[in-house]
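Me: Please go through the contacts in this structure with me, one question at a time, and give the reasoning before each value or name.

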Amino acid sequence: MASYTKAAQQWATFARAWYLLDAKMQPPGKIAAATVIRLEGRHKPIYHALSDCGDHVVIINTRHIAFSGNKWEQKVYSSHTGYPGGFKQVTATQLHLKDPTAIVKLAVYRMLPKNLQRRTMMQRLHLFPEDVIPEDIEKNLLQEIPQPRAVPRRLDEYTPEEIAAFPRVWTPPKDFRRK
Amino acid sequence: MAAPSLLRGGLRRLFAGLWGRGWASPPARALREGESGTGGTIEGKIIEDAAAPTPPNPSGQCPICRWNLKHKYDYVDVLLLSQFIRSDGGMLPRRTTGLCLEEHKKIAVCVQMAHRAGLLPNHRPRLPEGHTPKKPKLNRYLTRWSVRSAKPIWKRGPKWCKVPMPVGHPLLKDNVKYTHKFLNFNH
């Protein structure tokens, strides 16, 4: 602000930015909440619903999202083709195996405000099942959004020193046989 | 019943004193014969574990109370949970570990959730042949029910009486929370 020209300041304020979000081991609801904020432009102080100030969001690794609870088995996605007898219901597992980006796409679509700008905002959302991104999108990326959920460490990801440093909470009796 | 040279209870690791090779899995109840050319005897030394550090609250009844961990652990704390499980993933009996009943149940629930989240990859049940178990394709966490037992909720109902999808376990509802967010067990 101090040393930028007016033109540069204007450009930086109103330019459309590209954000990256890694969805590996993340719940799709929290991913959607973080992206919807960026797609609407609510993270900017110049936000207004009519001023089309949303940014692009690129979500990678949608194939590796993690649902909490038993939602992979319990959550059901329903749709109707419009024809009689065309009511289709699929579980989250089946939908994910058929199309790995569908769950995140539906989550974002249903979380956006239900107005005419929803479709333009969905056009600014880019989903990729793995971390392979086309080059032209990769060149546009500006910043990475932090992951909403802290991924826990597996037991084999701890170093032996850390495992040894953790105290034994109980002592086994003398005749204990560890299987 | 057992000759002194056999493995007795209390022996944690077999010190391969006279074997030329590296450490192998200890024989359960059999006498391993010496390798040809090494001399023919096996020496087993009982290695005492290092004395455990004194817990902060020695007057507690179970290990969790003694270490002041009563409402402070979760499915993520694999270092703690792995002390109460066997090598194939099952829980150790309460009379061995010394846990009180409610803590034993909580630890069992956390161990189940950790297994389903894939945080204990080396504590798998032993399979008879070389049948490789298939890798789970889907990531999950805080799963209360087993994967095979959960059925799809075909009709969730209207907004005012939706069928909930359970997350986590109500036994852990008294855990210490470091945020002001409400701990939701039904999504």
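What follows is a set of questions and answers on a predicted model.

Me: How many aromatic pairs does a search of the whole structure find over all chains?
Reply: The search covers the whole structure, which is a predicted model, and takes in every chain. The number of aromatic pairs found is 3.

Me: Is the pair of Phe67(A) and Trp72(A) stacked or edge-to-face?
Reply: The ring centres of Phe67(A) and Trp72(A) are 4.9 Å apart, and the angle between their planes is 85°. Planes over 60 degrees apart fall in one class by the rule used here, so the pair of Phe67(A) and Trp72(A) is edge-to-face.

Me: Is Trp72(A) buried or exposed?
Reply: The relative accessibility of Trp72(A) is 0%, and its ring partner Phe67(A) has a relative accessible area of 6% and is buried. Since the limit for this class is under 20%, Trp72(A) counts as buried.

Me: Is the pair of Trp170(A) and Phe84(B) stacked or edge-to-face?
Reply: The centres of the two rings lie 6.4 Å apart, with 15° between the planes. Planes under 30 degrees apart belong to one class, and the pair of Trp170(A) and Phe84(B) is therefore stacked.

Me: Why does the pair of Trp170(A) and Phe84(B) join two chains?
Reply: Trp170(A) lies in the segment after helix H8 (160-165) of chain A, where this residue is buried at a relative accessible area of 6%. Phe84(B), which counts as buried at 0% relative accessibility, lies in the loop between helix H2 (78-81) and helix H3 (94-97) of chain B. One ring thus comes from each chain, so the two chains joined are chain A and chain B.

Me: Which residues do ring pairs link into a cluster with Trp170(A)?
Reply: The stacked pair already described connects Trp170(A) with a ring of chain B. Taking the ring pairs together, the cluster of Trp170(A) also contains Phe176(A) and Phe84(B).

Me: Over the ring of which residue does the charged end of Arg149(A) sit?
Reply: Within chain A, the charged end of Arg118(A) sits over the ring of Tyr109(A), 3.9 Å from its centre. For Arg149(A), the ring belongs to chain B and its centre is 3.6 Å from the charged end; the residue is Tyr141(B).

Me: What is the area buried between chain B and chain A?
Reply: In terms of residues, 49 of chain B are in contact with 42 of chain A. On the side of chain B, the residues that lose the most area are Leu79(B), Asn139(B) and Tyr141(B), together 18% of what that side buries. Carbon and sulfur atoms give 60% of the total, and the area buried between the chains is about 4300 Å².

Me: Which side chains meet in a salt bridge, at 2.9 Å from N to O?
Reply: Between chain B and chain A there are 17 residue pairs in polar contact, while the rule finds 1 salt bridge across the interface. The side chains that meet in a salt bridge at 2.9 Å are those of Glu73(A) and Arg140(B).

Me: A polar contact of 2.9 Å joins the side chain of Arg124(A) to that of which residue?
Reply: Arg124(A) is placed in the loop between helix H6 (117-123) and strand S6 (125-127) of chain A, and counts as buried at 11% relative accessibility. Leaving aside neighbours within four places in sequence, the contacts of Arg124(A) include Arg16(A), Leu39(A) and His56(A). The side chain joined to Arg124(A) by the polar contact of 2.9 Å is that of Asp52(A).

Notes
Residues are numbered from 1 along each chain as its sequence is written. Chains are lettered from A and ligands numbered from 1 in the order in which they are written. This is a predicted model: local features need pLDDT of at least 70, side-chain atom pairs count only at pLDDT 80 or more; totals for chains, interfaces and linings use all residues. Side-chain values use heavy atoms; hydrogens and water are left out. Rings of Phe, Tyr and Trp (its six-membered ring) pair if their centres lie within 6.5 Å; planes under 30 degrees apart count as stacked, over 60 as edge-to-face and the rest as tilted. Buried means under 20% relative accessible area, exposed over 50%, partly exposed in between (1.4 Å probe, protein chains only). Helices (H or I, at least four residues) and strands (E, at least two) are DSSP runs, numbered from the N terminus. A charge sits over a ring if NZ of Lys or CZ of Arg is within 6 Å of the ring centre and within 35 degrees of the ring normal. Contact means heavy atoms within 4.5 Å. Buried area is the accessible area (1.4 Å probe) that two parts lose on being put together, summed over both. A salt bridge is a side-chain nitrogen of Lys or Arg within 4 Å of a carboxyl oxygen of Asp or Glu. A polar contact is a pair of N or O atoms within 3.5 Å; within protein, one must be able to donate a hydrogen and the other to accept it, and residues adjacent in sequence count only if both atoms are side-chain atoms.
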